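Please work through the following exercises with the sequence and the structure open side by side, and try each task before reading its solution.

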Amino acid sequence: MHVHVTSRLVTAIAAPRSTSSAHDDQRWTPRLWGVLGVLCLVMFLDGLDVSMVGIALPSIGTELGLSTTSLQWIVNGYVLGYGALLLLGGRTADLLGRRRVFLIALAVFAVASLIGGLVDDGTLLIVTRFVKGVAAAFTAPTALSILTTTFREGPARNKALSIFAVFGASGYSSGLILGGLLTSAGWRWNFLMPVPLAILALVAGIALIPRDRPADAGGHDLAGAATLTAGMLLAVYSVVSAPERGWADPVTIVLFVLAVALLTAFVLIEQRVAHPLVRLGILRIATIVRANLGMIALFGSYLSFQFMLTIYFQAALGWTPLRMALALLPAGLIVAFGSPYMSRVIDRYGTQRPIIAALVSLSGAYLWFLAFGGDPSPAYATDILPSVVLIGLGFMLAFSALMSQATAGVDDSEQGLAAGLVQTSGQIGGAVVLAATTALVTAGSHSAEGMDAATFDQFRPGLVLVTGVAIAGLAVMVLRRRRRDDVEPDPVEDDKVLEPAAS
(Lines give C-alpha, C1' and ligand atoms only; values in the text may rest on other atoms or scores of the structure.)
Protein backbone atom coordinates (compact mmCIF):
# COMPACT_ATOMS: atom_id res chain seq x y z
CA MET A 1 0.00 0.00 0.00
CA HIS A 2 1.48 3.33 -1.06
CA VAL A 3 1.40 5.86 1.78
CA HIS A 4 0.83 9.54 1.08
CA VAL A 5 1.84 12.28 3.50
CA THR A 6 -1.71 13.56 3.54
CA SER A 7 -2.95 10.21 4.86
CA ARG A 8 -0.31 10.27 7.58
CA LEU A 9 -1.75 13.54 8.84
CA VAL A 10 -4.93 11.83 10.04
CA THR A 11 -3.14 10.68 13.15
CA ALA A 12 -1.86 14.17 13.83
CA ILE A 13 -5.35 15.61 14.13
CA ALA A 14 -5.91 16.93 17.61
CA ALA A 15 -2.80 15.16 18.89
CA PRO A 16 0.97 15.56 19.17
CA ARG A 17 2.86 14.48 16.06
CA SER A 18 4.28 10.99 16.04
CA THR A 19 8.03 10.60 15.80
CA SER A 20 7.67 7.71 13.37
CA SER A 21 8.43 8.25 9.73
CA ALA A 22 5.74 9.43 7.38
CA HIS A 23 6.76 6.58 5.07
CA ASP A 24 6.06 3.75 7.56
CA ASP A 25 3.97 1.06 5.89
CA GLN A 26 2.30 -2.08 7.18
CA ARG A 27 1.56 -5.11 5.05
CA TRP A 28 -2.04 -6.29 5.38
CA THR A 29 -1.66 -10.07 5.60
CA PRO A 30 -4.66 -12.47 5.65
CA ARG A 31 -4.10 -12.97 9.39
CA LEU A 32 -4.17 -9.21 9.96
CA TRP A 33 -7.45 -8.99 8.05
CA GLY A 34 -8.73 -11.89 10.16
CA VAL A 35 -7.91 -10.14 13.42
CA LEU A 36 -9.67 -7.01 12.18
CA GLY A 37 -12.66 -9.13 11.16
CA VAL A 38 -12.98 -10.58 14.67
CA LEU A 39 -12.77 -7.15 16.27
CA CYS A 40 -15.30 -5.72 13.83
CA LEU A 41 -17.76 -8.56 14.49
CA VAL A 42 -17.61 -7.94 18.24
CA MET A 43 -18.00 -4.19 17.72
CA PHE A 44 -21.00 -4.95 15.52
CA LEU A 45 -22.54 -7.06 18.30
CA ASP A 46 -21.97 -4.36 20.91
CA GLY A 47 -23.71 -1.78 18.73
CA LEU A 48 -26.42 -4.20 17.66
CA ASP A 49 -27.61 -5.11 21.12
CA VAL A 50 -29.08 -1.88 22.47
CA SER A 51 -30.87 -0.86 19.28
CA MET A 52 -32.16 -4.34 18.42
CA VAL A 53 -33.65 -4.90 21.85
CA GLY A 54 -35.06 -1.37 21.83
CA ILE A 55 -37.43 -2.23 18.98
CA ALA A 56 -38.81 -5.17 21.01
CA LEU A 57 -39.62 -3.15 24.16
CA PRO A 58 -43.39 -2.84 23.63
CA SER A 59 -43.67 -6.60 22.93
CA ILE A 60 -41.59 -7.41 26.00
CA GLY A 61 -43.70 -5.09 28.14
CA THR A 62 -46.92 -6.70 26.95
CA GLU A 63 -45.80 -10.29 27.53
CA LEU A 64 -44.01 -9.76 30.85
CA GLY A 65 -46.31 -7.03 32.19
CA LEU A 66 -43.60 -4.39 32.55
CA SER A 67 -44.31 -0.68 32.94
CA THR A 68 -42.68 1.94 30.75
CA THR A 69 -40.37 2.84 33.62
CA SER A 70 -39.32 -0.82 33.94
CA LEU A 71 -38.81 -1.10 30.19
CA GLN A 72 -36.21 1.65 30.24
CA TRP A 73 -34.17 -0.50 32.64
CA ILE A 74 -33.89 -3.17 29.95
CA VAL A 75 -31.99 -0.55 27.96
CA ASN A 76 -30.29 1.18 30.86
CA GLY A 77 -29.32 -2.06 32.60
CA TYR A 78 -27.11 -2.85 29.63
CA VAL A 79 -25.95 0.72 29.13
CA LEU A 80 -25.00 1.20 32.79
CA GLY A 81 -23.20 -2.12 33.09
CA TYR A 82 -21.40 -1.20 29.88
CA GLY A 83 -20.61 2.41 30.68
CA ALA A 84 -19.80 2.19 34.36
CA LEU A 85 -17.19 -0.56 33.90
CA LEU A 86 -15.70 0.42 30.54
CA LEU A 87 -12.78 2.16 32.21
CA LEU A 88 -12.05 -0.89 34.34
CA GLY A 89 -12.33 -3.01 31.20
CA GLY A 90 -9.79 -0.91 29.35
CA ARG A 91 -7.43 -0.85 32.29
CA THR A 92 -7.77 -4.60 32.85
CA ALA A 93 -6.87 -5.21 29.23
CA ASP A 94 -3.71 -3.13 29.63
CA LEU A 95 -2.69 -4.98 32.80
CA LEU A 96 -3.72 -8.63 32.28
CA GLY A 97 -3.34 -8.95 28.53
CA ARG A 98 -5.73 -7.85 25.83
CA ARG A 99 -6.27 -11.26 24.25
CA ARG A 100 -7.14 -13.00 27.53
CA VAL A 101 -9.58 -10.30 28.71
CA PHE A 102 -11.20 -10.07 25.28
CA LEU A 103 -11.91 -13.80 24.97
CA ILE A 104 -13.21 -14.28 28.53
CA ALA A 105 -15.56 -11.31 28.27
CA LEU A 106 -16.81 -12.50 24.89
CA ALA A 107 -17.69 -15.91 26.37
CA VAL A 108 -19.65 -14.23 29.20
CA PHE A 109 -21.48 -12.09 26.64
CA ALA A 110 -22.59 -15.20 24.73
CA VAL A 111 -23.85 -16.98 27.88
CA ALA A 112 -25.74 -13.92 29.12
CA SER A 113 -27.36 -13.52 25.69
CA LEU A 114 -28.57 -17.12 25.80
CA ILE A 115 -30.02 -16.81 29.30
CA GLY A 116 -31.72 -13.51 28.43
CA GLY A 117 -33.62 -15.19 25.62
CA LEU A 118 -34.94 -17.93 27.92
CA VAL A 119 -36.07 -16.14 31.12
CA ASP A 120 -39.73 -15.35 31.85
CA ASP A 121 -39.24 -12.83 34.66
CA GLY A 122 -38.71 -9.11 34.04
CA THR A 123 -36.26 -8.70 36.90
CA LEU A 124 -34.12 -11.61 35.71
CA LEU A 125 -34.18 -10.19 32.20
CA ILE A 126 -32.86 -6.86 33.48
CA VAL A 127 -30.13 -8.71 35.42
CA THR A 128 -28.99 -10.54 32.29
CA ARG A 129 -28.93 -7.23 30.45
CA PHE A 130 -26.66 -5.78 33.13
CA VAL A 131 -24.33 -8.80 32.92
CA LYS A 132 -24.18 -8.43 29.13
CA GLY A 133 -23.33 -4.79 29.60
CA VAL A 134 -20.52 -5.69 31.98
CA ALA A 135 -19.15 -8.19 29.45
CA ALA A 136 -19.35 -5.59 26.69
CA ALA A 137 -17.51 -3.18 28.98
CA PHE A 138 -14.50 -5.47 28.65
CA THR A 139 -14.84 -6.51 25.00
CA ALA A 140 -15.37 -3.04 23.51
CA PRO A 141 -12.34 -1.11 24.82
CA THR A 142 -10.18 -4.23 24.58
CA ALA A 143 -11.13 -4.65 20.92
CA LEU A 144 -10.24 -1.05 20.18
CA SER A 145 -6.95 -1.28 22.08
CA ILE A 146 -6.06 -4.54 20.24
CA LEU A 147 -6.70 -2.67 17.00
CA THR A 148 -4.66 0.40 17.91
CA THR A 149 -1.72 -1.71 19.11
CA THR A 150 -1.88 -4.13 16.16
CA PHE A 151 -2.03 -1.45 13.46
CA ARG A 152 0.68 1.21 13.42
CA GLU A 153 -0.34 4.78 14.05
CA GLY A 154 -0.72 6.37 10.65
CA PRO A 155 -2.47 5.25 7.44
CA ALA A 156 -2.76 1.60 8.50
CA ARG A 157 -4.43 2.44 11.81
CA ASN A 158 -6.63 5.08 10.23
CA LYS A 159 -7.85 2.59 7.61
CA ALA A 160 -8.49 -0.03 10.29
CA LEU A 161 -10.36 2.47 12.48
CA SER A 162 -12.51 3.46 9.53
CA ILE A 163 -13.48 -0.17 8.87
CA PHE A 164 -13.97 -0.73 12.61
CA ALA A 165 -16.25 2.30 12.80
CA VAL A 166 -18.33 1.01 9.89
CA PHE A 167 -19.18 -2.12 11.87
CA GLY A 168 -19.78 -0.25 15.13
CA ALA A 169 -22.07 2.34 13.60
CA SER A 170 -23.72 -0.17 11.25
CA GLY A 171 -24.31 -2.54 14.15
CA TYR A 172 -26.23 0.12 16.01
CA SER A 173 -28.24 1.06 12.94
CA SER A 174 -28.72 -2.49 11.65
CA GLY A 175 -30.08 -3.50 15.04
CA LEU A 176 -33.09 -1.34 14.32
CA ILE A 177 -33.86 -3.34 11.19
CA LEU A 178 -33.08 -6.77 12.62
CA GLY A 179 -35.01 -5.90 15.75
CA GLY A 180 -38.14 -5.30 13.73
CA LEU A 181 -37.80 -8.50 11.74
CA LEU A 182 -37.00 -10.68 14.75
CA THR A 183 -39.68 -9.16 16.99
CA SER A 184 -42.25 -10.08 14.35
CA ALA A 185 -41.24 -13.70 14.93
CA GLY A 186 -40.99 -13.31 18.72
CA TRP A 187 -39.07 -10.86 20.91
CA ARG A 188 -36.87 -13.61 22.38
CA TRP A 189 -35.04 -13.93 19.06
CA ASN A 190 -33.59 -10.49 19.67
CA PHE A 191 -31.69 -11.98 22.62
CA LEU A 192 -30.85 -15.34 21.04
CA MET A 193 -29.61 -14.12 17.65
CA PRO A 194 -26.27 -12.72 18.95
CA VAL A 195 -25.32 -16.07 20.53
CA PRO A 196 -24.00 -17.88 17.40
CA LEU A 197 -22.24 -14.71 16.23
CA ALA A 198 -20.51 -14.35 19.59
CA ILE A 199 -19.43 -18.00 19.50
CA LEU A 200 -18.07 -17.54 15.97
CA ALA A 201 -16.08 -14.50 17.08
CA LEU A 202 -14.79 -16.41 20.12
CA VAL A 203 -13.52 -19.37 18.07
CA ALA A 204 -11.93 -17.08 15.47
CA GLY A 205 -10.39 -14.91 18.17
CA ILE A 206 -8.73 -17.91 19.83
CA ALA A 207 -7.21 -18.87 16.48
CA LEU A 208 -6.20 -15.45 15.14
CA ILE A 209 -5.55 -12.88 17.88
CA PRO A 210 -1.86 -12.97 18.82
CA ARG A 211 -0.85 -13.50 22.41
CA ASP A 212 0.37 -10.43 24.27
CA ARG A 213 2.22 -10.00 27.52
CA PRO A 214 0.51 -8.37 30.50
CA ALA A 215 1.98 -5.14 31.81
CA ASP A 216 5.02 -5.60 34.02
CA ALA A 217 3.65 -3.20 36.64
CA GLY A 218 0.36 -1.67 37.68
CA GLY A 219 -2.76 -2.52 39.61
CA HIS A 220 -6.53 -2.40 39.65
CA ASP A 221 -8.48 0.52 41.06
CA LEU A 222 -11.33 -1.51 42.50
CA ALA A 223 -12.43 1.28 44.83
CA GLY A 224 -12.69 3.65 41.89
CA ALA A 225 -14.67 1.13 39.85
CA ALA A 226 -17.04 0.46 42.77
CA THR A 227 -17.75 4.12 43.52
CA LEU A 228 -18.23 5.00 39.84
CA THR A 229 -20.61 2.08 39.20
CA ALA A 230 -22.61 2.60 42.39
CA GLY A 231 -22.75 6.36 41.87
CA MET A 232 -24.02 6.08 38.30
CA LEU A 233 -26.61 3.39 39.12
CA LEU A 234 -27.90 5.45 42.04
CA ALA A 235 -28.00 8.65 39.97
CA VAL A 236 -30.03 7.00 37.21
CA TYR A 237 -32.38 5.30 39.67
CA SER A 238 -32.91 8.63 41.42
CA VAL A 239 -33.87 10.38 38.19
CA VAL A 240 -36.19 7.58 37.05
CA SER A 241 -37.99 7.18 40.38
CA ALA A 242 -38.24 10.90 41.23
CA PRO A 243 -41.44 11.68 39.24
CA GLU A 244 -43.43 8.95 41.00
CA ARG A 245 -42.03 9.68 44.46
CA GLY A 246 -41.74 13.45 44.04
CA TRP A 247 -38.66 15.57 43.30
CA ALA A 248 -38.86 17.23 46.74
CA ASP A 249 -39.47 13.97 48.59
CA PRO A 250 -36.83 13.38 51.34
CA VAL A 251 -35.97 9.95 49.88
CA THR A 252 -35.35 11.48 46.45
CA ILE A 253 -33.11 14.15 47.94
CA VAL A 254 -31.15 11.60 49.97
CA LEU A 255 -30.65 9.41 46.90
CA PHE A 256 -29.31 12.34 44.89
CA VAL A 257 -26.98 13.36 47.73
CA LEU A 258 -25.64 9.80 48.02
CA ALA A 259 -25.08 9.62 44.25
CA VAL A 260 -23.15 12.90 44.27
CA ALA A 261 -21.15 11.73 47.30
CA LEU A 262 -20.17 8.48 45.55
CA LEU A 263 -19.14 10.26 42.37
CA THR A 264 -17.17 12.82 44.38
CA ALA A 265 -15.46 9.96 46.19
CA PHE A 266 -14.55 8.49 42.80
CA VAL A 267 -12.79 11.72 41.78
CA LEU A 268 -10.94 11.90 45.12
CA ILE A 269 -9.86 8.26 44.85
CA GLU A 270 -8.51 8.83 41.35
CA GLN A 271 -6.36 11.67 42.67
CA ARG A 272 -4.83 9.56 45.44
CA VAL A 273 -4.69 5.91 44.36
CA ALA A 274 -1.41 4.55 43.02
CA HIS A 275 -2.96 3.09 39.87
CA PRO A 276 -6.10 5.12 39.09
CA LEU A 277 -8.91 3.91 36.89
CA VAL A 278 -8.68 7.28 35.15
CA ARG A 279 -5.42 9.18 35.03
CA LEU A 280 -7.05 12.58 35.35
CA GLY A 281 -4.11 14.20 33.58
CA ILE A 282 -5.39 12.74 30.28
CA LEU A 283 -8.29 15.18 30.56
CA ARG A 284 -5.87 18.05 30.10
CA ILE A 285 -5.75 17.14 26.39
CA ALA A 286 -8.44 19.39 24.96
CA THR A 287 -9.17 17.26 21.91
CA ILE A 288 -9.81 14.20 24.08
CA VAL A 289 -12.20 16.21 26.23
CA ARG A 290 -14.04 17.41 23.13
CA ALA A 291 -14.28 13.87 21.75
CA ASN A 292 -15.84 12.68 25.01
CA LEU A 293 -18.31 15.57 25.09
CA GLY A 294 -19.19 14.87 21.49
CA MET A 295 -19.88 11.21 22.27
CA ILE A 296 -22.14 12.25 25.17
CA ALA A 297 -24.16 14.46 22.83
CA LEU A 298 -24.30 11.73 20.15
CA PHE A 299 -25.44 8.80 22.28
CA GLY A 300 -27.17 10.85 24.96
CA SER A 301 -29.58 12.35 22.47
CA TYR A 302 -30.10 9.45 20.10
CA LEU A 303 -30.58 6.65 22.65
CA SER A 304 -33.47 8.58 24.18
CA PHE A 305 -34.85 9.54 20.77
CA GLN A 306 -34.94 5.89 19.71
CA PHE A 307 -36.64 4.90 22.99
CA MET A 308 -39.39 7.48 22.46
CA LEU A 309 -39.85 6.59 18.79
CA THR A 310 -40.22 2.92 19.69
CA ILE A 311 -42.91 3.56 22.28
CA TYR A 312 -44.70 6.29 20.33
CA PHE A 313 -44.88 4.57 16.94
CA GLN A 314 -45.72 1.10 18.24
CA ALA A 315 -47.71 1.71 21.40
CA ALA A 316 -49.40 5.02 20.58
CA LEU A 317 -49.77 4.87 16.77
CA GLY A 318 -50.09 1.09 16.49
CA TRP A 319 -47.19 0.47 14.12
CA THR A 320 -45.87 -3.08 13.85
CA PRO A 321 -42.20 -3.76 14.70
CA LEU A 322 -41.53 -4.50 11.02
CA ARG A 323 -43.04 -1.20 9.90
CA MET A 324 -40.96 0.57 12.52
CA ALA A 325 -37.85 -1.17 11.21
CA LEU A 326 -38.52 -0.30 7.60
CA ALA A 327 -39.14 3.33 8.52
CA LEU A 328 -35.66 3.54 10.01
CA LEU A 329 -33.95 1.59 7.21
CA PRO A 330 -32.59 4.71 5.41
CA ALA A 331 -30.53 5.68 8.47
CA GLY A 332 -28.92 2.24 8.59
CA LEU A 333 -28.13 2.31 4.89
CA ILE A 334 -26.53 5.76 5.11
CA VAL A 335 -24.29 4.66 7.96
CA ALA A 336 -23.37 1.32 6.40
CA PHE A 337 -22.51 2.69 2.95
CA GLY A 338 -21.19 6.11 3.94
CA SER A 339 -18.87 5.24 6.83
CA PRO A 340 -16.20 3.54 4.65
CA TYR A 341 -15.48 6.93 3.07
CA MET A 342 -15.01 8.72 6.37
CA SER A 343 -11.25 8.12 6.45
CA ARG A 344 -10.95 10.26 3.31
CA VAL A 345 -13.09 12.96 4.91
CA ILE A 346 -10.89 12.93 8.02
CA ASP A 347 -7.77 12.97 5.85
CA ARG A 348 -8.94 16.15 4.18
CA TYR A 349 -10.80 18.03 6.91
CA GLY A 350 -9.60 16.64 10.24
CA THR A 351 -11.97 15.39 12.93
CA GLN A 352 -13.48 18.59 14.28
CA ARG A 353 -15.40 19.64 11.16
CA PRO A 354 -17.16 16.28 10.65
CA ILE A 355 -18.14 16.24 14.35
CA ILE A 356 -19.66 19.72 14.07
CA ALA A 357 -21.48 18.76 10.88
CA ALA A 358 -22.79 15.61 12.60
CA LEU A 359 -24.22 17.53 15.56
CA VAL A 360 -25.83 20.03 13.18
CA SER A 361 -27.44 17.08 11.38
CA LEU A 362 -28.68 15.46 14.59
CA SER A 363 -30.04 18.73 15.94
CA GLY A 364 -31.86 19.27 12.65
CA ALA A 365 -33.34 15.76 12.84
CA TYR A 366 -34.82 16.31 16.28
CA LEU A 367 -36.11 19.79 15.44
CA TRP A 368 -37.80 18.47 12.28
CA PHE A 369 -39.54 15.71 14.21
CA LEU A 370 -40.64 18.17 16.87
CA ALA A 371 -42.13 20.38 14.18
CA PHE A 372 -43.76 17.76 11.95
CA GLY A 373 -43.86 14.40 13.76
CA GLY A 374 -46.88 15.13 15.92
CA ASP A 375 -49.50 14.53 13.25
CA PRO A 376 -51.90 11.73 14.38
CA SER A 377 -51.35 10.14 10.94
CA PRO A 378 -47.88 11.34 9.97
CA ALA A 379 -46.88 11.25 6.30
CA TYR A 380 -43.66 9.26 6.21
CA ALA A 381 -42.01 11.05 3.26
CA THR A 382 -42.43 14.55 4.68
CA ASP A 383 -42.87 14.17 8.45
CA ILE A 384 -40.49 11.31 9.34
CA LEU A 385 -38.04 10.53 6.52
CA PRO A 386 -36.11 13.85 6.75
CA SER A 387 -35.36 13.15 10.43
CA VAL A 388 -34.30 9.57 9.66
CA VAL A 389 -31.94 10.73 6.89
CA LEU A 390 -30.40 13.45 9.08
CA ILE A 391 -29.85 10.93 11.90
CA GLY A 392 -28.06 8.58 9.51
CA LEU A 393 -25.83 11.40 8.28
CA GLY A 394 -25.07 12.43 11.86
CA PHE A 395 -23.96 8.95 12.89
CA MET A 396 -21.95 8.47 9.72
CA LEU A 397 -20.04 11.72 10.25
CA ALA A 398 -19.57 11.51 14.01
CA PHE A 399 -18.60 7.95 14.84
CA SER A 400 -15.30 7.60 12.99
CA ALA A 401 -14.25 11.18 13.74
CA LEU A 402 -14.92 10.84 17.48
CA MET A 403 -13.06 7.52 17.70
CA SER A 404 -10.07 8.93 15.83
CA GLN A 405 -9.96 12.11 17.88
CA ALA A 406 -10.25 10.27 21.20
CA THR A 407 -7.32 7.87 20.61
CA ALA A 408 -4.90 9.76 18.34
CA GLY A 409 -1.51 10.43 19.88
CA VAL A 410 -2.15 8.32 22.98
CA ASP A 411 0.65 6.00 24.09
CA ASP A 412 0.06 2.25 23.63
CA SER A 413 0.11 1.78 27.41
CA GLU A 414 -2.97 4.00 27.73
CA GLN A 415 -4.90 3.02 24.61
CA GLY A 416 -7.26 0.96 26.78
CA LEU A 417 -7.87 3.98 28.99
CA ALA A 418 -8.52 6.34 26.08
CA ALA A 419 -10.80 3.83 24.33
CA GLY A 420 -12.70 3.10 27.51
CA LEU A 421 -13.03 6.78 28.38
CA VAL A 422 -14.71 7.85 25.13
CA GLN A 423 -17.08 4.88 25.16
CA THR A 424 -17.87 5.44 28.84
CA SER A 425 -18.83 9.00 28.04
CA GLY A 426 -21.27 7.85 25.37
CA GLN A 427 -22.86 5.12 27.48
CA ILE A 428 -23.10 7.07 30.73
CA GLY A 429 -24.35 10.11 28.85
CA GLY A 430 -26.93 7.92 27.16
CA ALA A 431 -28.03 6.40 30.49
CA VAL A 432 -28.46 9.72 32.25
CA VAL A 433 -30.31 11.40 29.37
CA LEU A 434 -32.53 8.32 28.93
CA ALA A 435 -33.36 8.36 32.64
CA ALA A 436 -34.31 12.03 32.47
CA THR A 437 -36.30 11.45 29.27
CA THR A 438 -38.19 8.53 30.81
CA ALA A 439 -39.00 10.66 33.84
CA LEU A 440 -40.50 13.34 31.58
CA VAL A 441 -42.41 10.96 29.30
CA THR A 442 -43.88 8.82 32.10
CA ALA A 443 -44.77 11.74 34.36
CA GLY A 444 -48.47 11.12 33.64
CA SER A 445 -48.42 7.40 32.95
CA HIS A 446 -46.53 4.56 34.63
CA SER A 447 -47.99 1.50 32.95
CA ALA A 448 -47.24 -0.10 29.64
CA GLU A 449 -50.94 -0.06 28.87
CA GLY A 450 -51.19 3.63 29.71
CA MET A 451 -48.85 4.50 26.86
CA ASP A 452 -51.36 3.15 24.32
CA ALA A 453 -53.44 6.28 24.74
CA ALA A 454 -50.45 8.63 24.81
CA THR A 455 -50.43 11.64 22.54
CA PHE A 456 -47.49 13.38 20.94
CA ASP A 457 -47.71 16.06 23.63
CA GLN A 458 -46.69 13.50 26.24
CA PHE A 459 -43.44 12.89 24.35
CA ARG A 460 -42.79 16.55 23.53
CA PRO A 461 -40.83 17.36 26.77
CA GLY A 462 -38.53 14.41 26.11
CA LEU A 463 -38.01 15.49 22.52
CA VAL A 464 -37.16 19.00 23.68
CA LEU A 465 -34.62 17.51 26.09
CA VAL A 466 -32.79 15.41 23.48
CA THR A 467 -32.78 18.35 21.08
CA GLY A 468 -31.22 20.49 23.78
CA VAL A 469 -28.54 17.86 24.43
CA ALA A 470 -27.55 17.78 20.76
CA ILE A 471 -27.51 21.58 20.48
CA ALA A 472 -25.45 21.85 23.68
CA GLY A 473 -22.90 19.43 22.24
CA LEU A 474 -22.78 21.49 19.07
CA ALA A 475 -22.24 24.68 21.07
CA VAL A 476 -19.30 23.12 22.91
CA MET A 477 -17.66 22.19 19.60
CA VAL A 478 -18.31 25.50 17.85
CA LEU A 479 -17.69 27.88 20.75
CA ARG A 480 -14.68 26.11 22.25
CA ARG A 481 -11.90 28.34 23.42
CA ARG A 482 -9.02 28.26 20.95
CA ARG A 483 -5.58 28.15 22.50
CA ARG A 484 -2.22 27.76 20.79
CA ASP A 485 -2.10 24.08 21.74
CA ASP A 486 -5.80 23.56 20.97
CA VAL A 487 -5.97 24.07 17.23
CA GLU A 488 -6.18 21.15 14.83
CA PRO A 489 -3.58 21.15 12.07
CA ASP A 490 -4.94 22.09 8.69
CA PRO A 491 -4.43 19.01 6.50
CA VAL A 492 -4.07 21.13 3.38
CA GLU A 493 -1.51 23.50 4.86
CA ASP A 494 0.46 20.68 6.47
CA ASP A 495 0.48 18.85 3.15
CA LYS A 496 2.02 21.88 1.48
CA VAL A 497 4.72 22.08 4.10
CA LEU A 498 5.61 18.40 3.90
CA GLU A 499 5.07 17.90 0.17
CA PRO A 500 8.80 17.80 -0.72
CA ALA A 501 9.22 14.75 1.51
CA ALA A 502 6.54 12.76 -0.27
CA SER A 503 7.59 9.77 -2.30
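**Exercise 1.** In which crossing, left-handed or right-handed, does α12 pass α13?

Solution. The model is a predicted one, and in it α12 passes α13 in a right-handed crossing. To describe the pair further, begin with the geometry: α12 and helix α13, the latter covering residues 321-338, pack at an angle of about 130 degrees, and their axes lie 10 Å apart. The next step is to classify that angle, for which the cut-offs are needed: angles over 145 degrees count as roughly antiparallel and those from 65 to 115 as roughly perpendicular, while the rest, once the roughly parallel ones under 35 are set aside, are oblique. The two helices α12 and α13 are therefore oblique to each other. As for the residues involved, α12 contributes Leu-309, Thr-310, Phe-313 and Gln-314 to the contact, and α13 contributes Pro-321, Met-324 and Leu-328.

**Exercise 2.** Locate Gln-314, decide whether Gln-314 is buried or exposed, and list what surrounds it.

Solution. Gln-314 belongs to helix α12, which spans residues 286-316. Its relative accessible area is 9%, and since buried means under 20%, Gln-314 counts as buried. Once neighbours within four places in sequence are left aside, the contacts of Gln-314 include Ile-55 and Pro-58, and also Trp-319, Thr-320, Pro-321 and Met-324. One of these partners, Ile-55, is also reached in a polar fashion, for the side chain of Gln-314 comes to the backbone oxygen of Ile-55 at 3.0 Å.

**Exercise 3.** Which backbone oxygen does the side chain of Ser-145 reach, and at what distance?

Solution. First place the residue: Ser-145 lies in helix α6, made up of residues 122-150. With a relative accessible area of 0%, Ser-145 is buried. The side chain of Ser-145 reaches the backbone oxygen of Thr-142 at 2.9 Å. Finally, look along the chain to Arg-98, which is 47 residues away from Ser-145 in sequence, although the C-alpha atoms of the two are separated by 7.7 Å.

**Exercise 4.** How many helices and strands does the protein chain have, and what share of its residues counts as buried?

Solution. The protein chain has 19 helices and zero strands, and of its 503 residues 59% count as buried. Turning to the surface, the chain exposes about 19,300 Å², of which carbon and sulfur atoms supply 67%. Among contacts with a separation of 6 or more, 85% are between residues 24 or more positions apart.

Definitions and conventions. Residues numbered from 1 in each chain as written. Predicted model: local features only at pLDDT ≥ 70, side-chain atom pairs only at ≥ 80, totals over all residues. Heavy atoms only, no water. Helix = DSSP H or I, 4+ residues; strand = E, 2+ residues; numbered from the N terminus. Buried < 20%, exposed > 50% of the residue type's maximum accessible area, 1.4 Å probe, protein only. Polar contact = N/O pair within 3.5 Å; in protein donor to acceptor, adjacent residues only side chain to side chain. Contact = heavy atoms within 4.5 Å. Areas by Shrake-Rupley, 256 points an atom, 1.4 Å probe, with all protein chains shown as cover. Axes fitted to C-alpha atoms, helices over the stretch in contact; angles between N-to-C directions. Left-handed = near helix turned anticlockwise from the far one by under 90°.
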